[in-house]
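Hi,

Here is the model I said I would pass on. Have a look at it, and my notes on what turned up follow below.

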Amino acid sequence: MGRADAVERYDVFEPVKICPSILSADLARLGSDVEMVAQAGAGYVHIDVMDGHFVPNLTMGVPVVKSLKRSCSLPLDVHLMIDNPLEELPWFIDAGADMVSVHAEVLDEGGLVRAVEMMRAGGVATAMALKPATPVSVLAPVIGALDMVLVMSVEPGFSGQSYIEGSEAKVAEVVRMARAAGASPLIQVDGGIGDATAPLVCAQGADLLVCGNAVYAQDDPAAALERIQQVADQARREALAA
């Protein structure tokens, strides 16, 4: 993709993809919960990996990724909220992840470059995640090599948190930075995303929405997913037409 093509991607409508987080699913029936959202039109399965160090919570790991790879038709979007991604990236690549996000906060410039190289070599989509207070500028050394940027709109660690007001401005910052670099990574937003907040981030250029309780905690998760998709796509269309 050339520079002009990269810049133009942000000016063309593409449907938003919903990435339900299995952190909010019923783990006792994980297979059926994932199949339900796949049938409803989800784009990815989002897997939150937490180590109890980088964030104050401990969640699922490699065995869950391996199991879902065998049983799930959707691509696996693995979000590593861990202190040592350079050590553990190969585990998740080998387990079957299709896209892996590592946090920029735990890597220096050389580490950012190395992480991207490891992902590329492993054949997975490359992604970097940013906590709410982390400036977009830290991605400057690798923005041209990224397939996705994950913008956290809550502090990572727990599901069910409320969206941090103004997070959509950070999505706009990523778009501006990518345009300036002639790059076009997808932009994912994670944290407090539902009917009311999806339009805010999608109007600024978000492509992928991580939804936890806004899907899985609803009486009809499939209908909830479809509704978020509708309002997100509408906001994107209106922003492009303005």
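Let's start with Tyr 163, which sits in the loop between strand 6 and helix 6. Keep in mind throughout that this is a predicted model. Tyr 163 has a relative accessible area of 12%, and since buried means under 20%, Tyr 163 counts as buried. What does Tyr 163 touch once residues up to four places away in sequence are left out? There are Ser 153 and Val 154 on one side of the numbering, then Glu 168, and then a run of later residues: Gly 191, Gly 192, Ile 193, Thr 197, Leu 200 and Val 201. Asp 190 also comes up here: its C-alpha is 8.9 Å from that of Tyr 163, with the two positions 27 residues apart along the chain.

Glu 155 belongs to that loop too, between strand 6 (148-152) and helix 6 (168-181). Is Glu 155 buried or exposed? Partly exposed, in fact: the relative accessible area is 37%, and the partly exposed class lies between the under 20% and over 50% limits. Setting aside residues up to four places away in sequence, Glu 155 touches Lys 131, Pro 132, Gln 161 and Ile 164. Asp 190 can be used as a reference point again, as the C-alpha atoms of Glu 155 and Asp 190 are 9.6 Å apart, for a sequence separation of 35 residues.

Another loop residue to click on is Met 60, between strand 2 (45-50) and helix 3. Met 60 is buried, at 11% relative accessible area. Beyond its neighbours within four places in sequence, Met 60 is in contact with Ile 22 and Leu 23, and also with Ile 47, Asp 48, Val 49 and Met 50. For Ile 47, the C-alpha to C-alpha separation from Met 60 is 7.9 Å, and the two are 13 residues apart along the chain.

Now the helix packing. Helix 3 (residues 62-71) packs with helix 4 (residues 85-95) at an angle of about 20°, and their axes are 8 Å apart. Angles under 35 degrees count as roughly parallel, so helix 3 and helix 4 are roughly parallel to each other. Their crossing is right-handed. On the helix 3 side the contact is made by Val 62, Val 65, Lys 66 and Lys 69, and on the helix 4 side by Trp 91, Phe 92 and Ala 95. Sorted by class, that gives 5 nonpolar, no polar and 2 charged residues.

Helix 4 has a second partner to look at, helix 5 (residues 109-122): here the angle is about 15° and the axes are 10 Å apart. Helix 4 and helix 5 are therefore roughly parallel as well, and helix 4 passes helix 5 in a right-handed crossing. Which residues make this contact? Helix 4 brings Leu 86, Leu 89, Pro 90 and Ile 93, while helix 5 brings Gly 111, Arg 114, Ala 115, Met 118, Met 119 and Gly 122. The class count for the contact of helix 4 with helix 5 is 7 nonpolar, 2 polar and 1 charged.

The last pair on my list is helix 2 (residues 30-40) with helix 9 (residues 221-241), packed at about 40° with axes 9 Å apart. That angle makes helix 2 oblique to helix 9. The crossing of helix 2 and helix 9 is right-handed. Met 36, Val 37 and Ala 40 from helix 2 meet Pro 221, Ala 222, Leu 225 and Glu 226 from helix 9. By class, the contact of helix 2 with helix 9 has 6 nonpolar, no polar and 1 charged residues.

And the cysteines: how many disulfides does the structure hold? The count is 0. A disulfide is a covalent bond between the sulfur atoms of two cysteines. For Cys 19, the closest cysteine sulfur is in Cys 211, 7.9 Å away, which is too far for a bond; the cut-off is 2.5 Å. Cys 202 is in no disulfide either, and its nearest cysteine sulfur, again that of Cys 211, is 9.1 Å away. Cys 19 is buried, with a relative accessible area of 0%, and Cys 202 is buried with a value of 0% too.

Cheers

Conventions
Residues are numbered from 1 along each chain as its sequence is written. This is a predicted model: local features need pLDDT of at least 70, side-chain atom pairs count only at pLDDT 80 or more; totals for chains, interfaces and linings use all residues. Side-chain values use heavy atoms; hydrogens and water are left out. Axes are lines fitted to C-alpha atoms, for helices over the stretch in contact, and angles run from 0 to 180 degrees between N-to-C directions. Helices (H or I, at least four residues) and strands (E, at least two) are DSSP runs, numbered from the N terminus. Angles under 35 degrees count as roughly parallel, over 145 as roughly antiparallel, 65 to 115 as roughly perpendicular and the rest as oblique. A crossing is left-handed if the near helix is turned anticlockwise from the far one by less than a right angle, and right-handed if clockwise. Contact means heavy atoms within 4.5 Å. Ala, Val, Leu, Ile, Met, Phe, Trp, Tyr, Cys and Pro count as nonpolar, Asp, Glu, Lys and Arg as charged, and the others, Gly among them, as polar. Buried means under 20% relative accessible area, exposed over 50%, partly exposed in between (1.4 Å probe, protein chains only).
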